[in-house]
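Morning, everyone. I have one structure to walk through today. Please take a look at it before I start.

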Amino acid sequence: MPTRPLSDETLHLIDAIRTALAHRSDVEERPLFGTYAFFVDGKMCIAVKGEELLVRLPPERHGELQEMQNTRELSPGGGMQGYFWVEPNGYTTRAQWNYWVEEALAYNPLAKASPRKKKTTNTPAAAKKAPASTGTKPKTKAAAKKHSIFEADD
C-alpha cells in the first residue's frame, strides 16, 4: 500500500527537527508506527505525526509533564510512561521549541534502546530449495530506503 504524501506543515516540522539535530552525527531517521521518527544513538528521541511532536522524556517526570498545557500522553492507560504528544501551540515560540528538543536530548543518554528485531535469513531447508548458482554476483544488502519525498535530499 503506498504511503500518503506528507503535508507541507509536516515537512516543515521534520526539517526543523533535522536542523535542531544537525550538530549530531548519531541521528537516524525512519518511519515508526505512523510517525516520522528521529533516533539518536539508536534510541527514539523525537517523532512527527501531522503537526504534533512525539517526545521521549524521563518516565519519572510523567506526572509533572502530563499536567503541562498542550501535551498529552502517548498512552493514557500508562503503558508508555515518558512519551508525550506536544500540540503545535506547545512549541510555537523558540523557547518552547528549544525546551522540548533539549529535554528529549537530555534524556536520550539515559533511555534504554529497544532491541532491534533480527532479520530472518534463509533456513537450511529453504537453502536446499534455492536454485543452483548461475554465476551471477550475490546480492548485497540494500541501503535503507527513505520516504520518496526525501530522495532528492541525498
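**Sheet, helices and cores**

Start with strands E3 and E4. This is a predicted model, by the way. E3 covers residues 43-49, and E4 covers residues 52-56. The two run antiparallel, and four bridges join them. One pair to look at is isoleucine 46 and its bridge partner in E4, valine 55. Both names will come back.

Now zoom out to the whole sheet. It is open, and it has six strands. Read the order across as E1-E2-E3-E4-E6-E5, with antiparallel pairing. Which strands stand at the edges? They are E1, residues 27-32, and E5, residues 71-73. Each has a single partner strand, so one side of each is left without a neighbour in the sheet. On average, neighbouring strands are turned by 25° against each other, direction ignored.

Next, what packs on this sheet? Helix H1 does, residues 8-21. H1 touches E1, E2, E3 and E4. Its direction makes about 5° with that of E2, the strand at 35-40.

Stay on H1 for one residue. Threonine 10 lies in this helix. Buried or exposed? Its relative accessible area is 5%, under the 20% cut-off, so threonine 10 counts as buried. Leaving aside residues up to four places away in sequence, threonine 10 touches Val48, Gly50 and Glu51. Lysine 49 is 39 residues away from threonine 10 in sequence, yet their C-alpha atoms are 7.1 Å apart. The threonine 10 side chain also makes a polar contact of 2.9 Å with the side chain of serine 7.

Over to the edge strand E1, where arginine 30 lies. Here the relative accessible area is 18%, again under 20%, so arginine 30 is buried too. Its side chain has a polar contact with that of glutamate 28, at 2.9 Å. Methionine 44 is 14 residues from arginine 30 along the chain, and 9.9 Å separates the two C-alpha atoms.

Now the cores. In soluble globular proteins, nonpolar side chains tend to be buried together. In this model, the largest nonpolar core has 22 residues. Ile17, Ile46, Leu53 and Val55 have the most contacts inside it. So who contributes? H1, E2, E3, E4, E6 and H3 each give two or more residues. E6 is the strand at 83-86. H3 gives the most, with five residues.

Back to valine 55. Again skipping residues up to four places away in sequence, valine 55 touches Cys45, Ile46, Gly82, Tyr83, Phe84, Val86 and Trp100. Apart from the largest core lies another one, of seven residues. Among them are Ala37, Phe39, Ala47 and Trp85.

Last item, helix H3. It runs over residues 94-107, 14 residues in total. From first C-alpha to last, H3 reaches 20 Å, close to the 20 Å expected at 1.5 Å a residue. Which of its residues are buried? Trp97, Trp100, Val101, Ala104, Leu105 and Tyr107. Note Trp100 there, which is one of the residues that valine 55 touches.

That's the tour. Over to you.

Methods. Residues are numbered from 1 along each chain as its sequence is written. This is a predicted model: local features need pLDDT of at least 70, side-chain atom pairs count only at pLDDT 80 or more; totals for chains, interfaces and linings use all residues. Side-chain values use heavy atoms; hydrogens and water are left out. The expected span of a helix is 1.5 Å times one less than its number of residues. Buried means under 20% relative accessible area, exposed over 50%, partly exposed in between (1.4 Å probe, protein chains only). Two strands pair if DSSP finds at least two bridges between them. Axes are lines fitted to C-alpha atoms, for helices over the stretch in contact, and angles run from 0 to 180 degrees between N-to-C directions. Contact means heavy atoms within 4.5 Å. A polar contact is a pair of N or O atoms within 3.5 Å; within protein, one must be able to donate a hydrogen and the other to accept it, and residues adjacent in sequence count only if both atoms are side-chain atoms. A nonpolar core is a set of buried Ala, Val, Leu, Ile, Met, Phe, Trp, Tyr and Cys residues joined through side-chain atoms within 4.5 Å.
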